[in-house]
Amino acid sequence: MGISYNEESRSFKLTAKDTVYMLAVINGEYLGHVYYGKKVPDEQLNYLMRLEESPFTPERNNRDRAVYLDTTPFEYPCFGIGDYRESALKVMDSEGMSACDLRYVSHRIYEGKPALEGLPATFATEKSPAETLEITMEDAHERLTAVLVYTVFEELDVITRSVRFVNGNDKPIKLTRALSACVEFDTDKMDMITLNGSWARERHMERCRLHVGKQLIDSCRGESSHQNNPFVALCEHNADEDRGEVYGFNFVYSGNFVAEAEVTQHAKTRFLMGINPLDFEWLLEPGESFTAPEVVMVYSDSGLGKMSRTFHDLYRENLIRGEYKDRRRPILINNWEATYFGFTSEKLLDIAKEASKLGIEMLVMDDGWFGHRDSDNSSLGDWFVYEKKLEGGLSALVEKVNALGMKFGIWFEPEMVSPDSELYKAHPDWAIQIKGRDLTLCREQYVLDYSRKEVRDYVYDMMRKILDNANIEYIKWDMNRQLTEVGSNALPKERQRELWHRYVLGVYDLMGRLTSDYPHILLENCSGGGARFDAGMLYFSPQIWCSDDTDAIERLKIQHGTSMCYPCSAMGAHVSDCPNHTVGRNTPFKTRGHVAMVGTFGYELDVTHIPQEDRDAIPGQIEEFKKYNPLVRTGDHYRIGNMFEDNTFDAWMFVAKDKSEAMFEFVQVMGRPNQRSRRIRLKGLDPDAYYYEESRPEETFSGAALMNAGINVAWIWNGDGIYGDFSSKILHFVRK
Ligand code: DGJ
């Protein structure tokens with residue numbers, strides 16, 4: 001049983017496979033955090049709460065109540081009553097007061113996991129069921145209820161959290177800070193790992209020691225962002241891929257967020273995650289409720305690798321949905337880097353004809369097919385065909401592509417509007433804006449007010465006309481700018497600060513409608529590359545474009561960082577042409593293939609113009625992808641190299657769940673002169689089983705030898721001096 005309640009100690013124990021999370025109703029009906037970490041058999045650990053030490057118990061010594069409140073580890077700390085650390089909840093009542101004091105009222109434990117209204121969230125399945133604890137807390141003065149929701153996925157070793165607020169008063173109240181989770185650690189000896197970057201450099205890993213005070217990552221851009229990803233790992237100083245305690249936190253949300261660690265005066269750490277309180281308010285009229293999105297928590301006693309594999313298993317089974325969830329994705333060719341805006345039906349068909357001969361399965365028509373869009377300065381919002389480019393219309397093009405045996409996919413940017421568009425001319429008030437203030441352009445476009453249903457309906461109607469008129473089997477949903485002048489022409493002034501969140505809810509609403517009305521369409525999310533690679537988006541689309549940086553060497557870091565939390569099978573990754581359009585680097589075609597194979601795999605080049613030898617390599621590359629894709633989609637991922645620490649090489653493995661086979665991939669980056677080979681220890685195999693490497697079946701090795709002693713990987717040197725660095729190889733180990 002995942003969740004139990006001990007009546008005597010009034011404590012709750014949440015037990016997953018290797019993890020325990022304990023909380024208790026303590027003195028004064030507060031909810032205290034007791035313990036989170038490696039499994040212990042004890043039913044309760046309340047001795048950790050120092051209940052018997054009198055200076056800390058307000059009931060025994062009310063004189064020091066604030067000391068108690070400022071030092072006790074709380075499950076869901078409130079602002080304004082004496083806890084001066086960062087709080088999870090802050091309110092503004094109808095008198096303008098901001099104190100809040102939540103106390104335990106009741107709880108219930110039940111099988112399953114509730115859906116979160118309007119929000120993406122993990123869900124229970126028959127294969128991986130869940131159990132839920134709801135603890136109802138109340139501020140008696142404001143009659144504000146907060147229901148803390150904890151779900152345990154026992155087998156998966158995961159605990160999730162969210163909070164639901166209800167205004168039980170007859171007066172309105174505003175939430176001005178409503179985070180989703182708080183976890184208290186009894187130490188400050190931890191590192192904080194975050195995934196940060198920029199356009200074309202998303203989710204690079206950074207690791208810093210915690211220090212006294214507050215350290216945070218966040219987004220206030222309206223999306224999860226290129227700059228910081230809503231993921232944090234807190235770990236022991238000496239934790240690495242395979243050793244040490246790690247706590248991973250991921251926010252299932254695609255808008256503004258904060259993830260913050262505060263090291264306190266007593267050398268303890270409070271960690272919080274939720275919607276960014278910056279510029280956030282939510283008005284609750286009497287009886288109204290608000291749900292804070294979900295935080296997924298993963299504890300690992302064996303380093304970052306185990307944490308990542310737990311996230312991957314959960315997301316592949318209990319977050320990603322739809323017909324492609326467990327299926328290999330079609331191998332696509334996207335025309336963006338091939339043509340940018342300069343294409344016609346004829347050009348697309350040339351690409352498709354060549355691509356189909358080589359085994360590519362789907363043509364994706366990217367940006368530029370609608371309105372009168374010849375560059376990024378017009379037509380967003382005008383989702384009707386640009387006849388000058390698509391002579392004869394869209395359905396004629398799609399039919400011709402289908403006749404080649406290929407599927408057809410299309411690009412939309414549904415949240416945007418260009419000033420030069422029919423939509424904007426008809427409805428200038430539909431753009432997010434502050435009346436009377438100049439609207440800031442970004443990539444020559446404005447953001448539509450997705451808090452408004454009529455706006456979403458209008459855009460969706462246009463999309464439907466396109467989707468119903470041709471056999472479209474894939475959509476790339478792009479989002480190419482962040483929000484500014486965040487104001488809505490439809491919201492009353494007391495609800496204007498809700499727009500950030502209402503916008504995200506609007507996006508979720510439309511994506512939800514799209515995916516349920518068109519279940520056969522494969523949806524890929526994208527945001528100027530990888531600015532919305534988050535768990536919220538994974539709920540709607542089984543894959544997300546990882547980055548506009550398609551250079552194989554840059555991708556090593558981007559994909560390594562992304563894999564901290566998100567499964568490789570969800571990473572949009574393509575082979576592109578050289579010199580690479582973003583960094584100007586030349587890399588072997590084979591390496592570009594090997595790196596893209598770790599993700600969804602596809603091509604983004606003009607296949608009619610690449611060197612003949614690259615074109616000739618495509619069928620073999622596709623075969624290789626098909627061979628290894630089941631391992632990438634269903635196996636366990638082990639990181640071996642780490643380009644953030646050592647840029648001489650990168651390497652990783654995918655191991656079948658039953659350990660019957662494993663794929664080892666090695667990329668030589670900046671080879672070290674005069675070092676002919678490197679000993680690399682493999683991971684994840686069965687130590688007692690025997691394996692052979694496919695190309696040399698006559699030699700066998702025990703899993704123990706391969707993992708403890710390792711293999712020698714020779715530096716790659718092709719003799720002509722060109723393809724040493726940036727070369728790659730795959731070794732396939734098969735159990736005898
Ligand atoms: C940004 C995306 O990341 C690219 O792949 C491409 O679709 C462009 N937008 C098109 O405008």
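**View 1. Polar contacts between the ligand and side chains of the protein.** In this predicted model, the side chain of Asp366 has an N or O atom that lies 2.7 Å from an oxygen atom of the ligand. The side chain of Arg443 likewise brings an N or O atom to 2.9 Å from an oxygen atom of the ligand, whereas for Asn480 the contact is made to a nitrogen atom of the ligand, at 3.4 Å from an N or O atom of the side chain. When the ligand is taken alone it exposes 290 Å², and 98% of that area is buried by the protein. There are 13 residues around the ligand, and those that come nearest are Asp366, Asp367, Lys476, Asp478 and Asp548.

**View 2. The salt bridge between Arg639 and Glu241.** The side chains of Arg639 and Glu241 meet here in a salt bridge, with a distance of 3.0 Å from N to O. Arg639 belongs to strand E31 (residues 636-639), while Glu241 sits in the loop between strand E14 (228-235) and strand E15 (246-251), so this pair ties together parts of the protein that are 398 residues apart in sequence. Both partners, Arg639 and Glu241, are buried. Counted by the same rule, the salt bridges of the model come to 55.

**View 3. Lys657 and its salt bridges with Asp313 and Asp636.** Asp313 and Lys657 form a salt bridge in which the closest N and O atoms are 2.9 Å apart. Asp313 is part of helix H2 (residues 303-318), and Lys657 is in the loop between strand E32 (649-655) and strand E33 (661-668), so the two residues tie together parts that are 344 residues apart in sequence. Lys657 also meets the side chain of Asp636 in a salt bridge, at 2.6 Å from N to O. Since Asp636 lies in strand E31 and Lys657 in the loop between E32 and E33, this second pair ties together parts that are 21 residues apart in sequence. With regard to exposure, Asp313 counts as partly exposed because its relative accessibility is 22%, and Lys657 counts as partly exposed at 46%, but Asp636, at 11%, counts as buried.

**View 4. A network of salt bridges.** Five residues are shown together in this view, namely Lys453, Arg456, Asp457, Asp509 and Arg513, and salt bridges link them in a network.

**View 5. The surroundings of Thr132 in strand E7.** Thr132 has its place in strand E7 (residues 131-139), and it counts as buried because its relative accessibility is 0%. The side chain of Thr132 reaches the backbone oxygen of Gly112 at 2.5 Å, and it also makes a polar contact, at 2.9 Å, with the side chain of Thr151.

**View 6. The open sheet that includes strand E7.** This open sheet has 9 strands, which follow one another in the order E6-E7-E8-E9-E19-E15-E14-E11-E12 and pair in an antiparallel way. Strand E6 (103-111) and strand E12 (204-209) are the edge strands, each of which pairs on one side only. From one strand to the next, the twist averages 20 degrees. At the E12 edge, strand E11 (residues 191-196) runs antiparallel to E12 and is joined to it by 6 bridges, and within this pair Ile193 in E11 stands opposite Arg207 in E12.

**View 7. The open sheet formed by strands E1 to E4.** In this view, 4 strands with antiparallel pairing form an open sheet, and their order is E1-E2-E3-E4. Strand E1 (3-6) and strand E4 (30-38) stand at the edges with a single partner strand each, so one side of each is left without a neighbour in the sheet. If direction is ignored, neighbouring strands of this sheet are turned by 15 degrees against each other on average. E1 and strand E2 (residues 11-15) run antiparallel and are joined by 4 bridges, and Asn6 stands opposite Ser11 in E2.

**View 8. Glu43 in the loop after strand E4.** Glu43 is found in the loop between E4 and helix H1 (65-71), and it counts as partly exposed because its relative accessible area is 40%. Between the C-alpha atoms of Glu43 and Met97 there is a separation of 40 Å, and the two residues are 54 residues apart along the chain.

Terms used:
Residues are numbered from 1 along each chain as its sequence is written. This is a predicted model: local features need pLDDT of at least 70, side-chain atom pairs count only at pLDDT 80 or more; totals for chains, interfaces and linings use all residues. Side-chain values use heavy atoms; hydrogens and water are left out. Two strands pair if DSSP finds at least two bridges between them. Axes are lines fitted to C-alpha atoms, for helices over the stretch in contact, and angles run from 0 to 180 degrees between N-to-C directions. A salt bridge is a side-chain nitrogen of Lys or Arg within 4 Å of a carboxyl oxygen of Asp or Glu. Buried means under 20% relative accessible area, exposed over 50%, partly exposed in between (1.4 Å probe, protein chains only). A residue is near a molecule or strand if one of its heavy atoms lies within 4 Å of it. A polar contact is a pair of N or O atoms within 3.5 Å; within protein, one must be able to donate a hydrogen and the other to accept it, and residues adjacent in sequence count only if both atoms are side-chain atoms. Accessible areas come from the Shrake-Rupley method with a 1.4 Å probe; for residues, only the protein chains shown count as cover.
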